[in-house]
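Reader: I am new to this structure and would like a friendly walk through it. Could we take it one question at a time?

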Amino acid sequence: MTQTTPRLEIRGLSRRFGARDVVHDVSLSVMPGQATCLLGPAGCGNSTTLRIAAGGDRQDTGEIAIDGTVVSGPARHDPPETRGVGLMFQDFALFPHLSVGDNVAFGLKGGQSANRRRVQDLLARVKLDDYADKYPHQLSGGEQQRVALIRAVAPRPRVMLMDEPFSGLDNRLRDGIRDETLEILKEEGTAVLLVTHEPEEAMRMADEIALMRGGRIVQRGAPYNVYNAPVDKYAAAFFSDINVIGGKVHGALTATPFGDFLAPGVPDGTSVEIVIRPQHLRIDFDRSGRGPNPTPQDGSPARGVVTRARFVGNESLVEFTMDHDGSILRAAVPAVFLPKPGTALWLMLRRDRCFVFPHTP
């Protein structure tokens with residue numbers, strides 16, 4: 001039967017250090033087998049939230065519940081070791097004097113034979129069957145991370161709390177180990193709360209992203225929704241580079257060199273910002289708006305002069321100074337496209353990929 005109670009629930013969590021609200025009224029829930037990511041810039045409060053959930057710090061207000069039972073609140077604060085919570089950090093924290101097998105078995109409380117089987121099964125799961133008698137210093141960074149993973153999973157924690165556990169790994173290893181980690185945790189039915197400052201990692205691992213800023217959750221949702229329907233300019237900018245075009249609303253429309261944009265419900269005279277990602281700017285080579293592969297959503301073309309172009313692996317980034325106001329816009333072009341500085345080109349943008357927000361400093 002499917003569990004309907006959240007495995008981990010955070011309710012109205014707040015924490016102050018001096019006069020500063022580090023965490024303010026944070027609430028979220030994580031179901032068994034679900035991965036939720038607390039995503040945000042350094043200092044946003046996500047690591048503090050994780051420490052409180054683990055029991056390493058105590059909130060000023062709010063509650064932490066696991067499987068419906070409050071483990072930290074105004075009248076109760078269970079120590080970390082009794083919460084059924086696993087922890088993974090950037091520092092693998094393996095015991096150097098213990099073998100790999102003994103590291104994995106360290107937190108197990110069953111009989112010796114049952115523990116041995118559990119260790120062997122998990123080592124096989126991460127393809128380290130023959131490493132039980134080796135020591136951490138004999139392993140590569142990726143192998144140490146796998147050992148740290150299965151050591152945290154071995155006691156079958158109900159909740160796994162992860163604070164940037166993959167940031168110290170080489171890029172070549174990172175994706176494979178992240179996928180492997182998530183697969184194991186989901187198979188175990190573990191609720192995962194992951195802290196990261198990397199949007200790509202959050203998009204890759206999370207079923208739900210909670211975007212934090214200034215100690216608050218400013219947006220929650222599935223990765224697709226958070227990326228494609230950002231709540232404000234800063235949320236859009238956290239996931240990718242953005243271009244910003246300014247304007248004012250008149251009759252629910254904002255006039256720009258790329259045509260008029262709808263701004264329903266925004267009062268006349270309000271300054272707004274139209275946000276578009278570089279990959280949604282198109283170069284119109286025939287100046288008409290009817291270049292190759294036109295779409296009905298394309299706006300009117302506007303002229304700009306190339307100031308810089310560079311190839312970055314799977315696309316080219318081209319920077320333009322726009323004729324109409326001297327602003328800088330950046331376009332991402334698939335494959336190799338490196339026009340010389342001073343080249344005049346016409347740009348169009350995807351109206352359906354633009355976001356209109358009230359102006360913010």
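Reader: In which strand does Ile276 lie?

Author: Happy to help, and please keep in mind that this is a predicted model. The strand that holds Ile276 covers residues 271-276. That strand is β15.

Reader: Is Ile276 buried or exposed?

Author: A residue counts as buried when its relative accessible area is under 20%. Ile276 has a relative accessibility of 0%, so Ile276 counts as buried.

Reader: What does Ile276 touch, leaving out residues up to four places away in sequence?

Author: Ile276 has partners from several stretches of the sequence, and we can simply list them. They are Ile242, Asn243, Leu281, Leu349, Arg350, Arg353 and Cys354.

Reader: How far apart in space are Ile276 and Thr61?

Author: In sequence, these two residues are separated by 215 residues. From C-alpha to C-alpha, the distance between Ile276 and Thr61 is 39 Å.

Reader: Which residues of the largest nonpolar core touch the most other members?

Author: A general point helps here: in soluble globular proteins, nonpolar side chains tend to be buried together. The largest nonpolar core in this model has 41 residues. α4 gives the largest share of this core, with six residues. The members that touch the most others are Met160 and Met162.

Reader: What is Met160 in contact with, leaving aside neighbours within four places in sequence?

Author: Met160 has contacts with Gly86, Leu87 and Met88, and also with Ala152 and Val153. The rest of its list is Leu185, Thr190, Ala191, Val192 and Leu193.

Reader: How many residues of α4 are buried?

Author: α4 is mostly covered. Among its buried residues are Gly142, Val147, Leu149 and Ala152, and charged ones such as Glu143 and Arg151 are also included. Out of the 13 residues of α4, the number buried is 11.

Reader: Which elements do the buried residues of α4 pack against?

Author: The partners include both strands and helices. The strands are β7 and β8 (159-163), and the helices are α2 (100-105), α3 and α5 (171-187).

Reader: How far apart are the end C-alpha atoms of α4?

Author: We can begin with what to expect: at 1.5 Å a residue, the 13 residues of α4 should span 18 Å. The model agrees with this, because the end C-alpha atoms of α4 are apart by 18 Å.

Reader: Which element gives the most to the lining of the largest pocket?

Author: The largest pocket has a volume of about 740 Å³. Of its 24 lining residues, the closest to the centre are Val85, Gly86, Leu87, Ala152 and Pro155. Both β7 (85-89) and α4 supply at least two lining residues. The most, five residues, come from β7.

Reader: How many residues of that lining are nonpolar?

Author: The lining of the largest pocket can be divided by residue type. Three of its residues are polar and six are charged, while the nonpolar ones number 15.

Reader: What is the phi of Asp25?

Author: Asp25 lies in strand β2 (residues 20-30). Asp25 is exposed, because its relative accessible area is 52% and exposed means over 50%. Its phi is positive, in a residue other than glycine, and is near 55°.

Reader: Where is Lys127 found?

Author: Lys127 also has a positive phi, of about 60°, although it is not a glycine. With a relative accessible area of 65%, Lys127 is exposed. Its place is the loop between α3 (112-125) and α4 (141-153).

Note on methods: Residues numbered from 1 in each chain as written. Predicted model: local features only at pLDDT ≥ 70, side-chain atom pairs only at ≥ 80, totals over all residues. Heavy atoms only, no water. Helix = DSSP H or I, 4+ residues; strand = E, 2+ residues; numbered from the N terminus. Buried < 20%, exposed > 50% of the residue type's maximum accessible area, 1.4 Å probe, protein only. Core = buried A, V, L, I, M, F, W, Y, C linked by side-chain atoms within 4.5 Å. Contact = heavy atoms within 4.5 Å. 1 Å grid on protein atoms, 1.4 Å probe; cavity = no way out; pocket = protein on both sides within 12 Å on 5 of 7 lines; lining within 4 Å. Points joined across faces, edges and corners; volume = space filled by probe spheres on them. Expected span 1.5 Å × (residues − 1).
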